[in-house]
Structures are given as structure tokens and as C-alpha cells.
Amino acid sequence: LFADASGFTALTEKLADRPDGAEVLAATLHRYFAASIRVAARRGGDVISFSGDAVTILWQCAGENGEDSGESAAERGENGEGAAAERDASPAMLAAALAACRCALEMHRELLENPDLADCPFRIHSGVGCGALSRVHVGGVAGRWQLLLDGAPLREISVAEPLAHSGETVVSPTVWALVSGSAGVSGARVAEPPAPSDGYVRLL
């Protein structure tokens, strides 16, 4: 799940001339990120990184032997048939995809309904993808390390997130093949061009 905040630039410009503008901006970001972390924790996700006003959250799947799940639906084919097979083959993948979708929807509600965030101008737009990931730790200089991720989920959210408007979540075809029909999850196909949006779904 990649969730980006809408309204950050507008708030920055609004606070630019205030002597305490930097402090107010930092405090607002802190409350926004704290709320996001609480929701992610409730849904079993791990916050992997913060990128400016965006947050990346991961749900790791493990097979019966405790190892990371292997080949993803996205890697078996892009026509959705592999994804449908994944739904039957990997309950862990289904559970992770559902948790990510429900986390995204709950984050939207948190920003709207939490009284502690009543004056927070941020709304999020987010994308959800799933599949196998490669993980690499780089660094080591001065004890600093960075976790880098690559794989199908990153490619999918790079398409899904820009398709989401403020207050919306868009999921990849792989995710939708897993979660469609699950309780509490409904969606509508994204109609906007370009062609890469084909099969992406906006959660309702």
C-alpha cells in the first residue's frame, strides 16, 4: 500500500509567511503519520518507509513452511487467470490483499472522522498492489542502512496511485482478482486513459 497526502503543497504555501510555519507543518505531518501508523498497526501492516508526505506499508505473506510466498499472480500472467488461481492457492496472499485494502479505506475514514485530525487539511490518495518482492539492505556507512524493494507490487502501485483522486484508493488487477467478492469490498473499474489503467479498480 502506497498512500500519498493531498493538500501538503497547499498547506506549505499557506504557512510560508508565518514565523512558526515550519513548526505547524511538522506538527501536522506528525499527527497525519501517527494516525496512518496506528491504522496500519491495527491491520497488521509494517510501515516500510516515509517519502515526504507519503507512506509505504507492507503485508508479508508466508507459506506453510514460514518462507516468503513464491511466485505471484502477476508473474503467472497479466490476464487475470493466474490471479484467480492465486486466490485458491494462497489464502495468505488473499488475507494480505484484503488487509491492505481495508487499511486504505480505514485511513480515509480516520482523516475524516478522528476529532484529533479535524483541522488536518490532508486527504490521501493511495494505490495497492501485490506479488513477490525482492528486498535488499544497502548502506553500512556510519551505521546507516536503507531497505530497498522491487517487484510486481511496486510496479502495480506506480500505476494505481496516480489514478486515485484525493480520498480514493485504486487497486491493481492482481489485487482485485483476489479481493473481489469479499465482504466489505466493492469497486468500479477505472475508466480514465492511458492504457495501463486497464483492469485497475477504484475501491468504493
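Start by selecting Arg38, Arg42, Arg43, Glu106 and Glu110: salt bridges link them in a network. A salt bridge here is a side-chain nitrogen of Lys or Arg within 4 Å of a carboxyl oxygen of Asp or Glu, and by this rule the count comes to 6.

Before you click on, a word about what you're looking at. This is a predicted model, where local features need pLDDT of at least 70 and side-chain atom pairs count only at pLDDT 80 or more, while totals for chains, interfaces and linings use all residues. Residues are numbered from 1 along each chain as its sequence is written, and side-chain values use heavy atoms, with hydrogens and water left out.

**Stop 1: inside the network**

Zoom in on glutamate 110 and arginine 38, whose side chains meet in a salt bridge (3.8 Å, N to O). Glutamate 110 lies in helix H5 and arginine 38 in helix H2, so this pair ties together parts that are 72 residues apart in sequence. (Helices, H or I with at least four residues, and strands, E with at least two, are DSSP runs numbered from the N terminus.)

Now pick glutamate 106 and arginine 42, which make a salt bridge too (2.7 Å, N to O). Glutamate 106 is in H5 and arginine 42 is in H2, so here the parts tied together are 64 residues apart in sequence.

Are these glutamates buried or exposed? Glutamate 110 counts as buried at 15% relative accessibility, and glutamate 106 is buried at 13%. Buried means under 20% relative accessible area, exposed means over 50%, and partly exposed is in between (1.4 Å probe, protein chains only). The arginines are partly exposed: arginine 38 at 39% and arginine 42 at 49%.

**Stop 2: another salt bridge**

Select aspartate 20 and arginine 18, whose side chains meet at 3.0 Å, N to O. Aspartate 20 is partly exposed, with a relative accessible area of 32%, and arginine 18 is partly exposed at 42%.

**Stop 3: the whole chain**

Zoom out and color by secondary structure: you should find 7 helices and 9 strands. Buried residues make up 44% of the 204 residues in the chain. Contact means heavy atoms within 4.5 Å; of the contacts with a separation of 6 or more, 63% are between residues 24 or more positions apart.

**Stop 4: the core**

Which residues have the most contacts inside the largest nonpolar core? Select Tyr32, Met107 and Val179, out of the 42 residues in this core. A nonpolar core is a set of buried Ala, Val, Leu, Ile, Met, Phe, Trp, Tyr and Cys residues joined through side-chain atoms within 4.5 Å. Several elements each supply at least two of its residues, including strand E1 (2-6), helix H2 (21-42), helix H5 (91-113) and helix H7 (173-179). The largest share, 12 residues, comes from H5.

Stay on methionine 107 and show its surroundings. Leaving out residues up to four places away in sequence, methionine 107 touches Leu1, Ala3, Ser36, Val39, Val55, Ile57 and Ile124. Apart from this core lies another, of 6 residues, among them Ala160, Leu163, Ala164 and Val190.

Next, click isoleucine 124, in strand E4. Isoleucine 124 is buried, with a relative accessible area of 1%. Try drawing a distance from its C-alpha atom to that of alanine 3: the gap is 6.1 Å, although the two are 121 residues apart along the chain.

**Stop 5: a buried charge**

Go to aspartate 53, in the loop between strand E2 (46-51) and E3. Aspartate 53 is buried yet has no salt bridge, and the nearest side chain of opposite charge, arginine 123, is 13 Å away. (Lys and Arg count as positive, Asp and Glu as negative; His and the chain ends are not counted.) What does aspartate 53 touch, not counting residues up to four places away in sequence? Look for Ala3, Asp4, Ala5, Phe8, Leu29, Tyr32 and Phe33.

**Stop 6: the hairpin**

Last, select strand E5 (residues 133-139) and strand E6 (residues 145-151), which run antiparallel and are joined by 7 bridges. Two strands pair if DSSP finds at least two bridges between them. One bridge to spot is the one from arginine 135 to leucine 149 in E6.

E5 and E6 form a hairpin with 5 residues between them, and in the turn glycine 140 has a positive phi of about 105°. Most residues other than glycine have a negative phi. Now click alanine 142, in the loop between E5 and E6: its phi is near 55°, a positive value in a residue other than glycine. Alanine 142 counts as exposed, at 75% relative accessibility.

Notes: Lys, Arg positive; Asp, Glu negative; His and termini not counted.
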